[in-house]
Amino acid sequence: MDFSYTVEEEAFRTELRSWLEENLPDGWLEGEFKIPNDESSRIAFLREWQSKLFEGGWSGISWPAEYGGKGATLLEEVIYEQEMARVKAPPIINLVGLAMVGPTLLQMGTEYQKQRYVNKILSNKEIWCQGYSEPNAGSDLAALQTRAVKKGDKWIINGQKVWTSFAQYSDYCFLLARTDTSDKKHYGITAFIVNMHQKGVEVKPIRSINDRPAFNELFFNDAVAYDIDIVGEVNNGWSVSLALLSHERVGVARKVFRIQKVMDELIEISKKEKEDGYPLISNPIVRNKLINFKIRAKAVLLTYYRNLTETIRAGKPGPTGSVDKLLSSELLKEMYGFALSMQGPLSTLWLEDIAMKQDWQDDYLQSLGSRIAGGSSEIQKNVIAERILGLPKDIKY
Ligand SMILES: Cc1cc2nc3c(=O)[nH]c(=O)nc-3n(C[C@H](O)[C@H](O)[C@H](O)COP(=O)(O)OP(=O)(O)OC[C@H]3O[C@@H](n4cnc5c(N)ncnc54)[C@H](O)[C@@H]3O)c2cc1C
């Protein structure tokens, strides 16, 4: 792969940089990353940020212009991700919509679905959640039990989902439900678009390890969907679900750029923080760890670029996204853990009591969930073994 960018690509970067300078929230460029902590102000802040991105034309970078995207190339989208990581831009609230549902609808949705939903995802007018996991169907997703039964012109949905991120303020759910109960596990699943604002949908928040109502239990009690809400074909939703997961893993893998930034930040703390009057960076154990991270961070980045080349050639993401997801989420977890260990006992402080400007505690706790969300690290290893290395299938008990 050629690592240099074209004149047009560099112009794209410059344009984005100057937009960010003008539009990032107050104090951001000076290193004051202040997102309100109380939930409703936090959501309002994040909604406003995403709307600003859309209005500035910085939403759906590689999505076709006819559906409201920027119509840029995948490489320009990579530049976008690099720049967002560089300035540590606020997170995206409609993450499921932008990183997963939108690309899946563009790949497999009907023309009606593209026209109806894609633009509203970009403009942040409609927020989405992903209804895959159930109490007994997480890694073994095909074991899902939520049923959808056709009655007249309606599909009647009953069942329970769990760990549904963002469901508490979502307008739509990308839901997998069983529509055939014969023994063939991967056949008989259908992907539905379900309106969350209806009588048969109940959302119960679950608090996450970093003490936020991050995800939810979802209960469907005679909720309704129609034929036009089916993505792909009835009973053949498994391939749709895999397409969405591939997009999810590519999205998660963009953490590779975050890793480069965290690397710089770790070096910065190790120079600033002292032990017995000496900066931590002079301690050989710290130096050894930093060098180990630096080498791995570079390897993750190069692997990501290689996989990206394959995605660009194929026109859609494949199983290599699992490699990026596995490597980046595991490395980030270790890096954040190391940042905490450099703080010693002060690492146990939380929120306004934290010892450093950077909230490593929150990042560390989030990183524990990131190695599970979108398919756990163990499952990524299975995908890599079976779908990339061609090794025999995992034993099923
Ligand atoms: C922060 C976060 C956000 C999430 N958001 C969503 C969401 O928005 N929508 C949604 O649908 N789901 C969401 N999830 C759920 C997530 O997709 C599941 O938690 C994940 O797929 C794992 O499933 P499980 O929890 O049922 O664990 P299990 O499948 O019960 O696995 C338990 C452990 O066993 C291991 N394991 C299981 N099978 C194997 C195997 N064959 N080989 C080796 N090890 C194995 C797993 O890796 C794991 O460590 C989220 C999870 C988290 C943590």
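Contact here means heavy atoms within 4.5 Å. The model on screen is predicted.

**Stop 1: Val-101.** Select Val-101 and show its neighbours. Leaving aside residues up to four places away in sequence, Val-101 touches Val-96, Ile-121, Trp-128, Phe-174 and Leu-244.

**Stop 2: the core around it.** Now add Leu-20, Trp-58, Tyr-80, Leu-105, Trp-128 and Phe-174 to Val-101: of the 53 residues in the largest nonpolar core, these seven touch the most other members. To see where the core comes from, colour helix 1 (7-23), helix 2 (39-55), helix 3 (74-86), helix 4 (95-108), helix 5 (111-122), strand 4 (172-178), strand 5 (189-195) and helix 6 (237-253), each of which supplies at least two of its residues. Which element gives the largest share of this core? Helix 4 does, with 7 residues.

**Stop 3: a second core.** Move to Val-300, Leu-301, Tyr-304 and Tyr-305. They are among the 29 residues of a second core, separate from the one just visited.

**Stop 4: a helix pair.** Select helix 9 (residues 321-342) and helix 11 (residues 377-388). Their axes lie 9 Å apart, and the helices pack at an angle of about 150°. Angles over 145 degrees count as roughly antiparallel, so helix 9 is roughly antiparallel to helix 11. The crossing of helix 9 past helix 11 is left-handed.

Show side chains for the contact. On helix 9, pick Ser-322, Val-323, Lys-325, Leu-326, Ser-329 and Glu-330; on helix 11, pick Ser-377, Gln-380, Lys-381, Val-383, Ile-384 and Ile-388. Coloured by class, this contact shows 5 nonpolar, 4 polar and 3 charged residues.

Note on methods: Residues numbered from 1 in each chain as written. Predicted model: local features only at pLDDT ≥ 70, side-chain atom pairs only at ≥ 80, totals over all residues. Heavy atoms only, no water. Axes fitted to C-alpha atoms, helices over the stretch in contact; angles between N-to-C directions. Helix = DSSP H or I, 4+ residues; strand = E, 2+ residues; numbered from the N terminus. Parallel < 35°, antiparallel > 145°, perpendicular 65-115°, else oblique. Left-handed = near helix turned anticlockwise from the far one by under 90°. Nonpolar A, V, L, I, M, F, W, Y, C, P; charged D, E, K, R; others polar. Core = buried A, V, L, I, M, F, W, Y, C linked by side-chain atoms within 4.5 Å. Buried < 20%, exposed > 50% of the residue type's maximum accessible area, 1.4 Å probe, protein only.
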